[in-house]
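Here is a friendly walk through a protein model, with an eye on charged pairs, cysteines and surface. Keep the structure open beside the text as you read.

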Amino acid sequence: MDVRLHVMRTLLDTGRAPTVPETAEGLGLDVDEVSGRYRELAESHAIELRPGTLEIWMAHPLSAEPTPFVATVDGRDHFANCIWDGLGTVAMLGGTGSVRTACPDCDDSLQADVVQRELAGEPEGVVHFAIPASRWYDDIGDT
């Protein structure tokens, strides 16, 4: 099994990202080989590592830690990094589910329901991206 696939399956199944030693053991690989693969995946932005470590912070579109964006598919909750990733999580897992969050201004609950890959009902609100996608990773490593 591919390292990235192992990371994603573990995160989906357990709600947490596997460590390098756990991935190495699970795939029967050398720890150094898995460490290198984690670095390659981070360089390509398939995953993001906590600064200065090999600990997975994000495995797009999933977050390895609790966030305000929760994608629910088939009764299971998955944390996402933003609304875009929440909708991506629903799409990745079959195309029917919901994403819950709160308005960052007033804290009102917000929910987007998706049925067969299309927004359901009359969606309210605006999704706003403060910076262009080409600059999303400019500050990774600064935190």
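Glutamate 40 is partly exposed, with a relative accessible area of 46%. In this predicted model, its side chain meets that of arginine 37 in a salt bridge, at 3.2 Å from N to O. Arginine 37 is partly exposed too, at 26% relative accessible area. Both residues belong to helix H3 (residues 31–43), and because they are three residues apart there, about one helical turn separates them.

A second set of charged pairs centres on arginine 50. This residue counts as partly exposed, with 27% relative accessibility. One salt bridge runs from arginine 50 to glutamate 55, where the closest N and O atoms are 3.4 Å apart. Glutamate 55 is itself partly exposed, at 45% relative accessible area. Arginine 50 also meets glutamate 65 in a salt bridge, this time at 2.8 Å from N to O. What does that pair tie together? Glutamate 65 sits in the loop between strand S3 (62–63) and strand S4 (69–73), while arginine 50 sits in the loop between strand S1 (47–49) and strand S2 (56–59), so the salt bridge links parts 15 residues apart in sequence. Glutamate 65 is partly exposed, with a relative accessible area of 28%.

Salt bridges with shared partners also join Asp2, Arg37 and Glu40 into one network. The model has six salt bridges by count, including these three:

| Salt bridge | N to O distance |
|---|---|
| arginine 37 and glutamate 40 | 3.2 Å |
| arginine 50 and glutamate 55 | 3.4 Å |
| glutamate 65 and arginine 50 | 2.8 Å |

Now for the cysteines. How many disulfides does the count give? It comes to zero. Cysteine 103 is in no disulfide, and its nearest cysteine sulfur, that of cysteine 106, is 3.6 Å away. The same distance of 3.6 Å holds from the side of cysteine 106, whose nearest cysteine sulfur is that of cysteine 103. A disulfide needs the two sulfur atoms within 2.5 Å, so this pair does not qualify. As for their surroundings, cysteine 103 counts as buried at 19% relative accessibility, whereas cysteine 106 is partly exposed at 42%.

Is threonine 89 buried or exposed? With 0% relative accessibility, threonine 89 counts as buried. Its place is in helix H4 (residues 83–92). Apart from neighbours within four places in sequence, threonine 89 is in contact with Pro61, Leu62, Ala71, His78 and Ala80.

The surface offers a nonpolar patch as well. Trp84, Val127 and Phe129 make it up, and the patch covers about 310 Å². Valine 127 is found in the segment after S8, and it is partly exposed, with a relative accessible area of 49%.

Aspartate 138 is also in the segment after strand S8 (118–119). Is aspartate 138 buried or exposed? At 52% relative accessible area, aspartate 138 is exposed. Between the C-alpha atoms of aspartate 138 and isoleucine 83 there are 19 Å, with the two residues 55 apart along the chain.

Terms used:
Residues are numbered from 1 along each chain as its sequence is written. This is a predicted model: local features need pLDDT of at least 70, side-chain atom pairs count only at pLDDT 80 or more; totals for chains, interfaces and linings use all residues. Side-chain values use heavy atoms; hydrogens and water are left out. Buried means under 20% relative accessible area, exposed over 50%, partly exposed in between (1.4 Å probe, protein chains only). Helices (H or I, at least four residues) and strands (E, at least two) are DSSP runs, numbered from the N terminus. Contact means heavy atoms within 4.5 Å. Patches are made of residues with over 30% relative accessible area and no salt bridge: like charges are joined within 9 Å, nonpolar side chains (Val, Leu, Ile, Met, Phe, Trp, Tyr) within 5 Å. Accessible areas come from the Shrake-Rupley method with a 1.4 Å probe; for residues, only the protein chains shown count as cover. A salt bridge is a side-chain nitrogen of Lys or Arg within 4 Å of a carboxyl oxygen of Asp or Glu.
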